[in-house]
Protein chains: 2
Amino acid sequence: MATSRRPTLADVAERVGVSAKTVSRVLNSDGPVSAATREKVMAAVTELGFRPNLMARNMRVGARDSTIGLIVPQIANPFFGSVADGIEDAIRDRNLTLLLGSSDEDPEKEQVVVSSFLARRVTALMIVPSVDGDHRYLRRERSSGLPLIFIDRPGSGVTADAVVSANTEGTHDGVAHLIAHGHRRIGFIGDVPSSLYTRKQRQRGYRATLQAAGIPYDPALVADAHSPTVAGGAVRRLLALPQPPTALFTANNFASLGALTTLSADRRKDVALVGFDDLPLADLLEPGLSVIAQDPAMLGREAALLALSRLDGDRTAARTATVPTRLIPRGSGELPPPPG
Amino acid sequence: MATSRRPTLADVAERVGVSAKTVSRVLNSDGPVSAATREKVMAAVTELGFRPNLMARNMRVGARDSTIGLIVPQIANPFFGSVADGIEDAIRDRNLTLLLGSSDEDPEKEQVVVSSFLARRVTALMIVPSVDGDHRYLRRERSSGLPLIFIDRPGSGVTADAVVSANTEGTHDGVAHLIAHGHRRIGFIGDVPSSLYTRKQRQRGYRATLQAAGIPYDPALVADAHSPTVAGGAVRRLLALPQPPTALFTANNFASLGALTTLSADRRKDVALVGFDDLPLADLLEPGLSVIAQDPAMLGREAALLALSRLDGDRTAARTATVPTRLIPRGSGELPPPPG
DNA sequence: TTGTAGGCGTTATCAA
DNA sequence: TTGATAACGCCTACAA
């Protein structure tokens with residue numbers, strides 16, 4: 001397997017008997033080239049299997065690599081996968097490529113990946129920030145003009161664009177839905193740590209909705225969970241209260257999963273449940289899981305559009321785009337409270 | 001927001017009063033540098049916020065970009081997301097970055113993405129091939145030494161490494177499991193087109209297992225489906241046969257979903273079901289869905305290891321690595337056939 | 001319609 | 001221990 005050097009523009013030029021610049025012109029449909037020359041060049045390109053070197057091109061042309069760097073906590077998570085899909089879809093036409101890294105929710109890992117992306121001179125940087133991260137180190141990049149966009153949660157310590165779900169409004173919709181079905185004691189199981197942006201936004205929606213309905217806010221009905229197991233425990237604890245909730249709002253996927261598992265194991269088919277974020281198979285359960293569905297692909301698309309507009313010269317102040325959520329009733333959120 | 005030019009090696013050098021090469025030496029711990037010089041250089045680097053330009057470095061040094069290109073049908077699919085996670089995890093230590101593109105199962109889109117990756121001079125290329133794709137166009141790359149690894153399904157028209165799941169063995173395990181629980185009429189719902197690699201491998205396992213158990217192969221029990229809806233229809237058709245199956249083996253996720261939905265809608269809790277590939281929430285159903293679970297992260301990891309060994313000079317013949325599957329009984333696969 | 005000179009930011013080579 | 005020069009592959013600017 002002879003590892004022959006890849007042909008360059010000069011190789012093609014030599015073969016045809018023209019200058020490198022002429023070959024370049026043909027390939028980029030740049031200046032004028034005679035039909036005959038063009039044809040000969042194209043033939044040589046095919047024959048040699050020449051492919052222009054994008055690294056060299058980018059270096060000369062833009063000083064930026066034609067990539068968008070995206071950092072997510074975990075690629076395997078379909079939510080972030082959809083975000084990536086949305087981005088890729090929106091940047092493809094612009095001949096931009098997606099560079100993907102994962103942080104594992106660890107701010108240090110995140111910074112390492114960011115560094116490697118910056119070293120590559122990505123055209124724009126998109127980050128789903130890790131919990132408790134500090135993004136002050138990105139200030140310099142921001143001020144040097146790099147489009148920086150936070151997704152799902154805003155970054156901290158640096159002013160930048162952001163695209164987030166309608167957390168507060170979505171939670172409002174879910175909780176109001178439960179209230180409309182007669183519930184007045186509604187448990188809330190949220191993210192850990194409770195300082196997390198999405199947690200705060202959603203809990204805010206929960207609280208405001210109760211208040212608007214004239215229902216007192218009871219801290220005893222609020223629990224934390226960062227895993228299905230812990231959420232399951234929280235569900236049991238809430239349901240064992242002297243005045244237990246008749247409905248639950250699980251503010252994230254893991255909490256929903258935990259609640260489902262526990263309610264199913266304990267044969268509690270009387271507790272109403274609405275979850276934030278949709279789950280596959282959620283409609284096959286009995287009852288189906290009512291959810292506030294997010295639109296992760298749209299998050300990605302909006303982020304990409306924001307980035308592209310920045311690249312196109314939009315120098316207006318940093319802004320936050322909000323992507324709407326959608327209530328999907330499937331049964332669990334429409335259960336009535338027990339007659340008692 | 002003044003868009004100041006990024007500092008270069010020369011800028012740092014000028015500030016310190018040394019040559020660019022000296023700065024380069026410090027940063028790469030290359031040749032000898034006096035402690036005093038090193039210190040001054042590092043200070044200037046920090047002060048200016050200098051970050052070496054990887055594009056320029058790669059161009060000078062290797063003529064290859066330090067990236068691994070991965071092309072999958074759809075990033076949002078958690079299966080492929082896990083593959084990507086496995087790869088990223090394995091290449092991170094080697095200072096390689098993941099370049100991710102999606103093909104949408106369209107061979108032409110796939111080729112476009114591949115081209116753009118080749119233009120970037122990726123260090124290695126990994127592809128989950130689209131249906132009916134033809135990879136002859138990659139022969140030249142292969143012979144020029146580019147590590148090329150197909151994942152989940154082998155490529156066609158080019159000899160290359162591959163990493164696949166134990167499709168035949170896994171299906172054997174699932175079908176044998178149903179037989180062990182007393183079933184003799186077992187339906188099979190497979191991928192479309194039926195020429196698909198995974199489809200063929202799995203159907204092979206199905207057929208061989210029946211044969212080994214002395215059960216005649218009945219083509220009437222075999223159906224195709226590429227979506228949950230179609231799969232659902234197939235389920236109804238099979239169950240309406242004069243001699244309907246008492247158990248089903250759904251050879252992929254979509255088929256499993258469709259079967260679940262339809263069985264649930266038709267209140268058919270008497271039909272045993274084993275699916276190939278795990279589903280989230282599968283254990284919350286009643287009964288839980290028994291599956292042959294794949295290990296996508298391991299697929300990615302193996303692919304990465306294969307690529308790295310090629311990069312390290314492994315010039316042995318192309319090989320195919322097989323990643324084992326695992327039977328997870330959860331109830332649906334253990335239902336007995338009706339007494340009749 | 002085509003070619004030449006120079007440079008993007010880095011490192012290899014050789015000399016000082 | 002350090003520096004000057006050339007080169008990686010391509011494109012911009014200008015000239016022919």
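**Close-up views of the DNA surface and the chain A–chain B interface**

**View 1. α4(A) contributes 4 residues, the most of any element, to the surface near DNA strand D.** Here a residue is near the strand if one of its heavy atoms lies within 4 Å of it, and helices (H or I, at least four residues) and strands (E, at least two) are DSSP runs numbered from the N terminus. The model is predicted, with local features requiring pLDDT of at least 70 and side-chain atom pairs counted only at pLDDT 80 or more, whereas totals for chains, interfaces and linings use all residues. Residues are numbered from 1 along each chain as its sequence is written, chains are lettered from A and ligands numbered from 1 in the order in which they are written, and side-chain values use heavy atoms, without hydrogens and water.

**View 2. Chain A approaches both phosphate and base atoms of DNA strand D.** An N or O atom in the side chain of R57(A) is 2.9 Å from a phosphate oxygen, while one in the side chain of R60(A) is 2.9 Å from a base oxygen. A backbone N or O atom of L9(A) lies 2.4 Å from a phosphate oxygen of the strand.

**View 3. A salt bridge links E141(A) and R6(B).** The closest N and O atoms of this pair are 2.6 Å apart, and 8 salt bridges (a side-chain nitrogen of Lys or Arg within 4 Å of a carboxyl oxygen of Asp or Glu) are counted between chain A and chain B.

**View 4. β2(A) and β2(B), residues 97–102, pair in the antiparallel sense over 3 bridges.** Strands pair if DSSP finds at least two bridges between them; L100(A) stands opposite L98(B).

Notes: A polar contact is a pair of N or O atoms within 3.5 Å; within protein, one must be able to donate a hydrogen and the other to accept it, and residues adjacent in sequence count only if both atoms are side-chain atoms.
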